Amino acid sequence: MITKLSTTQSVELPTTLLTELSLKDGDFLDCIAFMGTIHLLPIRLREDKDMPKTKDYRIQVTLFREFNVIVDGEYYFVKNRKARELLAYLISQNGTPFNKLSLAEILWPQTSQSQAMDNLYKVINFLKQSPFTLINSRGKIQLDLSVIQCDTFMFEKYYGDRHNIESARKAIELYEAPFLFEEYYEWTATKEAFYEIKYFEMLDNIVQYYESLHDETTASYYRLKQSIYT
């Protein structure tokens with residue numbers, strides 16, 4: 001089949017694909033181009049009205065690929081790079097309270113202790129004007145996560161249910177690129193490895209699952225994903 005893309009990059013596919021891919025109205029397709037071939041795979045089924053709704057979070061954060069923030073449905077840019085790093089670190093630690101001196105040493109490892117602490121307090125003051133809430137208590141600081149949803153939180157949730165093939169697939173689709181791939185900090189290597197190991201574990205399981213079903217098309221799609229970051 002040869003299809004010409006429009007300037008909006010929208011294309012109509014033959015209705016026979018609906019049957020071949022078991023698609024229904026409202027389903028989504030993942031599209032990946034690899035070595036001159038476009039591969040399609042359903043990635044998110046339409047929601048049934050009877051399904052319980054998940055909690056609506058005011059702040060949506062992504063940490064896979066890069067640090068991005070959506071607040072009340074609108075993109076929010078954190079201008080201060082060190083503020084972004086502090087937020088990314090606290091979110092990646094799942095809201096654990098941290099000693100301020102330890103945080104200062106993590107964020108400014110090449111700086112004197114006094115200067116690092118001074119820098120930390122400046123960043124904390126900067127974030128007071130942001131939608132994020134930092135909780136200070138007895139020399140420790142933590143981020144209020146009650147209104148925050150993050151792709152890494154969802155990834156870990158799906159990983160916990162990884163033996164369910166749909167949960168594993170959802171986790172794989174969340175992993176757009178390695179942890180903070182485009183915004184590297186000195187502390188991110190450990191977290192990057194942490195998620196990468198889980199990502200490839202699930203990919204291996206998914207490939208084996210579709211191979212057991214003799215579904216070579218879908219198995220090949222996930223093998224392509226295995227090749228992207230190896």
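**View 1. Helix α6 passes helix α7 in a left-handed crossing.** This is a predicted model, and here we zoom in on two of its helices. The axes of α6 and α7 lie 10 Å apart, and the two helices pack at an angle of about 130°. That angle makes α6 oblique to α7, because it falls in none of the ranges for roughly parallel (under 35 degrees), roughly perpendicular (65 to 115) or roughly antiparallel (over 145).

**View 2. Here's who meets whom where α6 touches α7.** On the α6 side, look for I165, A168, R169, A171 and I172. Their opposite numbers in α7 are Y199, M202, L203, I206, Y209 and Y210. Sort the residues of this contact by class and you get 10 nonpolar, no polar and 1 charged.

**View 3. E176 sits in the loop between α6 (165-174) and α7 (188-212).** Set aside the neighbours within four places in sequence, and E176 is in contact with F64, R65 and Y229. Take R65: it is 111 residues from E176 along the chain, yet the C-alpha atoms of the two are separated by 6.3 Å.

**View 4. Three strands make an open sheet in the order β6-β8-β7.** The pairing is antiparallel. At the edges you'll find β6 (98-99) and β7 (134-137), each of which pairs on one side only.

**View 5. Now a closer look at how β6 joins β8.** Strand β8 covers residues 140-143, and 2 bridges link it to β6, with the two strands running antiparallel. To spot a bridge, start at F98 and find its partner in β8, I141.

Technical notes
Residues are numbered from 1 along each chain as its sequence is written. This is a predicted model: local features need pLDDT of at least 70, side-chain atom pairs count only at pLDDT 80 or more; totals for chains, interfaces and linings use all residues. Side-chain values use heavy atoms; hydrogens and water are left out. Helices (H or I, at least four residues) and strands (E, at least two) are DSSP runs, numbered from the N terminus. Contact means heavy atoms within 4.5 Å. Two strands pair if DSSP finds at least two bridges between them. Axes are lines fitted to C-alpha atoms, for helices over the stretch in contact, and angles run from 0 to 180 degrees between N-to-C directions. A crossing is left-handed if the near helix is turned anticlockwise from the far one by less than a right angle, and right-handed if clockwise. Ala, Val, Leu, Ile, Met, Phe, Trp, Tyr, Cys and Pro count as nonpolar, Asp, Glu, Lys and Arg as charged, and the others, Gly among them, as polar.
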